[in-house]
Amino acid sequence: MRVLSASDLHQGFSYPDLIEALRMGFQTDLVVPPRHHHSMVHSGATLLLMPAWKAVQFTGVKVVGVYPENTGKGLPSVQGSYF
């Protein structure tokens, strides 16, 4: 697994490069199944899992937690990571 920091991304990619890479990726054999949506009944939160892959070259999943009650605590209501 290759882990990139925010500074790695800023040094290696410009915003126009990112847009072009995304455009090209969605025109190829990129597989993006429907996202998994899980309601966490007791907390009122939502867990979202969004996998994607391209053949055997790349595999990743975006994991997002949505916690609406966090805004009342001065905390972010949406938190996510891409693995």
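User: Let's start at the surface. How much area does the protein expose, and how much of that do carbon and sulfur atoms supply?

Analyst: Happy to begin there. The protein exposes about 6,800 Å², and carbon and sulfur atoms supply 64% of that area. Please keep in mind that this is a predicted model.

User: What share of the residues counts as buried?

Analyst: A residue counts as buried when its relative accessible area is under 20%. Here, 12% of the 83 residues of the protein are in that class.

User: How should I read the radius of gyration of the protein?

Analyst: Set it beside the value for a compact globule of the same length. For 83 residues that would be near 12 Å, but the protein has 16 Å. The box filled by its C-alpha atoms, taken along the principal axes, is roughly 40 × 30 × 25 Å.

User: Which helices and strands should I look for, and in what order do they come?

Analyst: You can look for 2 helices and 5 strands. Along the sequence they follow the pattern α-α-β-β-β-β-β.

User: And among contacts between residues at least 6 apart in sequence, what percentage joins residues at least 24 apart?

Analyst: That figure is 11%. A contact here means heavy atoms within 4.5 Å.

User: Now for charges. How many positive and negative charges are there, and how far apart are their mean positions?

Analyst: The protein has 6 positive and 5 negative charges, and their mean positions are 5 Å apart.

User: How many salt bridges does the structure hold, and which residues form a salt bridge?

Analyst: The idea is a side-chain nitrogen of Lys or Arg within 4 Å of a carboxyl oxygen of Asp or Glu. The structure holds 1 salt bridge. R23 forms a salt bridge with E20, and their closest N and O atoms are 2.5 Å apart.

User: Where do R23 and E20 sit with respect to each other?

Analyst: Both are in helix α2, residues 15-25; because they are 3 residues apart there, about one helical turn separates them. R23 is partly exposed, at 41% relative accessibility. E20 is partly exposed too, with a relative accessible area of 32%.

User: Let's turn to single residues. Is T46 buried or exposed?

Analyst: T46 has 17% relative accessibility, so T46 counts as buried. Look for T46 in strand β3, residues 45-54. Leaving aside neighbours within four places in sequence, T46 is in contact with H37, H38, M40, V64, G65 and V66.

User: What about S39, is S39 buried or exposed?

Analyst: S39 counts as exposed, because its relative accessibility is 53% and the cut-off for exposed is over 50%. S39 lies in strand β2, residues 36-40. Although S39 and V66 are 27 residues apart along the chain, 9.6 Å separates their C-alpha atoms.

User: Where is V32, and which residues does V32 touch beyond its sequence neighbours?

Analyst: V32 is in the loop between β1 (30-31) and β2. Not counting residues up to four places away in sequence, V32 touches F26, P51 and A52. The C-alpha atoms of V32 and A52 are 4.6 Å apart, with their positions 20 residues apart along the chain. At 48% relative accessibility, V32 counts as partly exposed.

User: Could we visit the loop between β4 and β5? Is N70 buried or exposed?

Analyst: N70 lies in that loop, between β4 (58-66) and β5 (78-82). N70 is buried, with a relative accessible area of 11%. Setting aside neighbours within four places in sequence, N70 is in contact with L75, P76, S77 and Q79.

User: S77 is on that list. What is S77 in contact with?

Analyst: S77 also lies in the loop between β4 and β5. With the four nearest places in sequence left aside, S77 is in contact with G65, V66, Y67, P68, N70 and T71. The C-alpha atoms of S77 and V66, 11 residues apart along the chain, are separated by 5.6 Å. S77 counts as partly exposed, at 22% relative accessibility.

User: One last stop: where is Y82, and what does Y82 touch?

Analyst: Y82 has its place in strand β5. Beyond residues up to four places away in sequence, Y82 touches G60, V61 and K62. Y82 counts as exposed, at 56% relative accessibility. Y67 is 15 residues from Y82 along the chain, and their C-alpha atoms are separated by 18 Å.

How values were computed. Residues are numbered from 1 along each chain as its sequence is written. This is a predicted model: local features need pLDDT of at least 70, side-chain atom pairs count only at pLDDT 80 or more; totals for chains, interfaces and linings use all residues. Side-chain values use heavy atoms; hydrogens and water are left out. Helices (H or I, at least four residues) and strands (E, at least two) are DSSP runs, numbered from the N terminus. The radius of gyration is taken over C-alpha atoms; the globule rule is 2.2 Å times the number of residues to the power 0.38. Buried means under 20% relative accessible area, exposed over 50%, partly exposed in between (1.4 Å probe, protein chains only). Accessible areas come from the Shrake-Rupley method with a 1.4 Å probe; for residues, only the protein chains shown count as cover. Lys and Arg count as positive and Asp and Glu as negative; His and the chain ends are not counted. The place of a charge is taken as NZ of Lys, CZ of Arg, CG of Asp or CD of Glu.
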